[in-house]
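Hi everyone, thanks for coming. I'd like to take a few minutes to walk you through one structure, so please have a look at the screen.

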Amino acid sequence: MKFDLITIFPHILDSYLNESILKRAQKKKLIKINFHDPRQFAKDRHKTVDDRPFGGGPGMIMKLEPLYKTLKKIKYTKKSLVILFDPAGKKFDQAMAKKFSELDQLIMISGRYEGVDARIEKFIDEKVSIGPYVLSGGELPAGVIIEAVSRLLPGVLGNQESLREETFTSNSEIRNQKSEIYKEYPHYTRPEVFKYTEKGQKKKLAVPKVLLSGNHKEIREWRARNKK
Ligand code: ADE
């Protein structure tokens, strides 16, 4: 799957996208992430991509033309979607991640400053928000979406990881969008007893005995009872 991000900060996500699962996914050519800087289409020597709002008011607005030209330069496939990040957009969730993972290409426009010239609406399919708070731009939202979507693509996660994923991303469950589905039983690993000192007192934290019992039926039941 291809991700194309239009941003005036094309290197801002470099280190995050080039570690761990996403690094592996790119190496295996399961995903391709392209960055497109609208400054390449700015006309003046200062590479200006923003301007003052008509009608007055504070802040600067991203100009339409450089964004439009950047969009035109990107090769669309038959199954492409163009989204614009906006805190007032449709809330991104696991169901939307699943929908995006069925595309060939997701084209994302990251606004900065106070906003984007409203005429951009003509050239996008959807406005998307990653949550009810205001960020300085769409670059972090793009990183969030690239990760959430990539995890759903075949081969991106290892066998063990995808098995865990399946327990809470089956279609009917994500349609319900209950927070229940994100619950997991608690996990523990060695040591069996963790010892530490707090305010001069020796303390211990032990792993629930049942998990050490080797009784798989009881372990299954304990895990089912203890999801949170
Ligand atoms: N741009 C600024 N804040 C945002 C948010 N919460 N989600 C998506 N895009 C944004």
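Let me begin with a question: which residues surround the ligand? Before I answer, please keep in mind that this is a predicted model. Going along the chain, the ligand has around it F85, D86 and P87, then V128, S129, I130 and G131, and after those Y133, V134, L135, G137 and P141. Sorted by class, that shell holds 8 nonpolar, 3 polar and 1 charged residues.

Now, what about polar partners? Here the backbone comes in. For I130, a backbone N or O atom is 3.0 Å from a nitrogen atom of the ligand. Y133 has a polar backbone atom 2.8 Å from a nitrogen atom of the ligand. And for L135, a backbone N or O atom lies 2.9 Å from a ligand nitrogen atom. How much of the ligand does the protein bury? On its own the ligand would expose 260 Å², and 96% of that is buried by the protein.

As for where this happens, the ligand takes up the space of the largest pocket. Two elements each give two or more residues to the shell around the ligand: β5, residues 80–91, and β8, residues 126–129. Of these, β5 provides the largest share of the shell, with 3 residues.

Let's move on to a sheet. In which order do its strands run? The order is β3-β4-β7, so to speak, an open sheet of 3 strands with mixed pairing. Why is one side of β3 and of β7 left without a neighbour in the sheet? Because β3 (50–51) and β7 (115–116) stand at the edges, and each has a single partner strand. As a reminder, strands of a sheet pair through backbone hydrogen bonds, in either a parallel or an antiparallel way. Between β4, residues 61–62, and β7 the pairing is parallel, over 2 bridges. If you want to find the place on screen, look for M62, which stands opposite V116 in β7.

Finally, two backbone details in loops. R190 and P191 are joined by a cis peptide bond, with omega at about 5 degrees. P191 sits in the loop between α7 (171–176) and β9 (193–198). The other one is K29, a residue other than glycine with a positive phi, near 60 degrees. You'll find K29 in the loop between α2 (20–27) and β2 (32–36).

That's my tour, and I'm happy to go back to any part of it.

Note on methods. Residues are numbered from 1 along each chain as its sequence is written. This is a predicted model: local features need pLDDT of at least 70, side-chain atom pairs count only at pLDDT 80 or more; totals for chains, interfaces and linings use all residues. Side-chain values use heavy atoms; hydrogens and water are left out. A residue is near a molecule or strand if one of its heavy atoms lies within 4 Å of it. A polar contact is a pair of N or O atoms within 3.5 Å; within protein, one must be able to donate a hydrogen and the other to accept it, and residues adjacent in sequence count only if both atoms are side-chain atoms. Accessible areas come from the Shrake-Rupley method with a 1.4 Å probe; for residues, only the protein chains shown count as cover. On a 1 Å grid over the protein atoms alone, a cavity is a set of points where a 1.4 Å probe fits but cannot get out, and a pocket is an open set with protein on both sides within 12 Å along at least five of seven lines; lining residues have an atom within 4 Å of a point. A molecule sits in a cavity or pocket if more than half of its atoms lie within 2 Å of its grid points. Helices (H or I, at least four residues) and strands (E, at least two) are DSSP runs, numbered from the N terminus. Ala, Val, Leu, Ile, Met, Phe, Trp, Tyr, Cys and Pro count as nonpolar, Asp, Glu, Lys and Arg as charged, and the others, Gly among them, as polar. Two strands pair if DSSP finds at least two bridges between them.
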